[in-house]
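Welcome! Let us take a walk through this protein together, starting with the overall picture and then going strand by strand.

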Amino acid sequence: MSKFAAFLFKIFGWKILQNYPKDVKKCVVVMAPHTSNWDFVIGKLAFLQYGVKVKFLIKKDLFFFPFGFFLKKMGGIPVDRKAKNNMTKYAASLFNSHEELFLVFTPEGTRKYSPNWKKGFYFIALEAKVPIYLGSIDYKKKIGGFDSIFHPTGDIDKDIAEIKERLKKYSGKVPENGLK
């Protein structure tokens, strides 16, 4: 699949950044900017090219037949967002039950511009004691992939500002909805 993904990227003129975290076995991956549903397709192909099996949390309502089968195959983990549960502890516990885990989040929470990111990814990384790897997608330059690693300090406002600063150089499919 890795070669197939690389072939598709070549046909469509995309280049995947070669910052693959080979020495990292567990991390939270933050993907930004997230401005289009195409981000998922391009991101999934990039992870295939890297040879990284990623997981992502998705509302359980979408896990109906036959769609649920494909979501699970692609790395989807169903979660009940209506139930009173501690999602941070649950997601952090996933790191204990996997030898290797790349858990992907789009903290903007929407494909529209959002200055206020959802912070669950940050608390999950702290709780699980794993780094945050910054993932990017840039439609203007047709590049994407892993940008850099970030180690949370516990100062959430400062850290999220730093993460946004590192990722704002990338242009989403709908640039006006991206980071500013």
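Before we set off, one convention will help: helices and strands here are runs assigned by DSSP, with at least four residues for a helix and at least two for a strand, and they are numbered from the N terminus. Please also keep in mind that what you see is a predicted model.

Let us begin with the whole chain. Its secondary structure comes to 6 helices and 7 strands. Reading from the N terminus on, the elements follow the order α-β-β-α-β-α-β-α-β-α-β-β-α. The radius of gyration is 16 Å, close to the 16 Å that the globule rule gives for 180 residues, so the chain is as compact as a globular protein of that length. Along its principal axes, the C-alpha trace spans about 45 × 40 × 35 Å.

How much of the chain is buried? Of the 180 residues, 47% count as buried. The chain exposes about 10,500 Å², and carbon and sulfur atoms supply 57% of that area. Contacts also reach across the sequence: among those with a separation of 6 or more, residues 24 or more positions apart account for 69%.

Now start at the beginning of the chain, with helix 1, which covers residues 2-12. Its buried residues are Ala 5, Leu 8 and Phe 9. Seen down the helix axis, these buried residues fall within an arc of 100°, so they line one face of the helix. There is a simple rule behind such patterns: an α-helix has 3.6 residues a turn, so residues three or four places apart point the same way. The buried residues of helix 1 pack against strand 1 and against helix 2 (38-50). On the face turned away from the buried side, you will find the exposed residues Lys 3 and Lys 10. Just after helix 1 comes Gly 13, which takes a positive phi of about 80°.

Next, turn to the sheet. In what order do its strands lie? This open sheet of 7 strands has the order 1-7-6-2-5-3-4, with mixed pairing. The edges are strand 1 (15-16) and strand 4 (76-79), each of which pairs on one side only.

Let us move through the sheet by way of strand 5, residues 101-105. Strand 5 is mostly covered, with 5 of its 5 residues buried. Leu 101, Leu 103 and Phe 105 point one way from the strand, while Phe 102 and Val 104 point the other way, and all are buried. Strand 3 (residues 54-59) pairs with strand 5 in the parallel sense over 3 bridges, and Lys 55 stands opposite Leu 103. Strand 2 also runs parallel to strand 5, joined to it by 5 bridges. Here it is Val 28 that stands opposite Leu 103.

Val 28 leads us onward, as its bridge partner in strand 6 is Ile 132. Strand 2 and strand 6 pair in the parallel sense over 5 bridges. Is strand 6 mostly covered or mostly open? Strand 6 is mostly covered, with 7 of its 7 residues buried. Ile 132, Leu 134, Ser 136 and Asp 138 lie on one side, and Tyr 133, Gly 135 and Ile 137 on the other, all of them buried.

From strand 6 (residues 132-138), the chain goes on to strand 7 (residues 143-150), and these two pair in the antiparallel sense over 7 bridges. One of the pairs links Leu 134 with its bridge partner Ser 148 in strand 7. The hairpin has 4 residues between the strands, and in it Lys 142 takes a positive phi near 55°.

Two helices now complete this part of the tour. Helix 5 (residues 120-128) lies across strand 2 (26-32), strand 5 and strand 6, running at about 165° to strand 2. Helix 6 (residues 156-167) packs on the sheet too, touching strand 2, strand 6 and strand 7, and its direction makes about 150° with that of strand 7.

Our last stop is Asp 155, in the loop between strand 7 and helix 6. Asp 155 is partly exposed, with a relative accessible area of 39%. The C-alpha atoms of Asp 155 and Phe 121 are separated by 14 Å, and the two residues are 34 residues apart along the chain.

Conventions:
Residues numbered from 1 in each chain as written. Predicted model: local features only at pLDDT ≥ 70, side-chain atom pairs only at ≥ 80, totals over all residues. Heavy atoms only, no water. Pairing = 2+ DSSP bridges. Contact = heavy atoms within 4.5 Å. Axes fitted to C-alpha atoms, helices over the stretch in contact; angles between N-to-C directions. Buried < 20%, exposed > 50% of the residue type's maximum accessible area, 1.4 Å probe, protein only. Rg over C-alpha atoms; globule rule 2.2 N^0.38 Å. Areas by Shrake-Rupley, 256 points an atom, 1.4 Å probe, with all protein chains shown as cover. Arc of directions from axis to C-beta.
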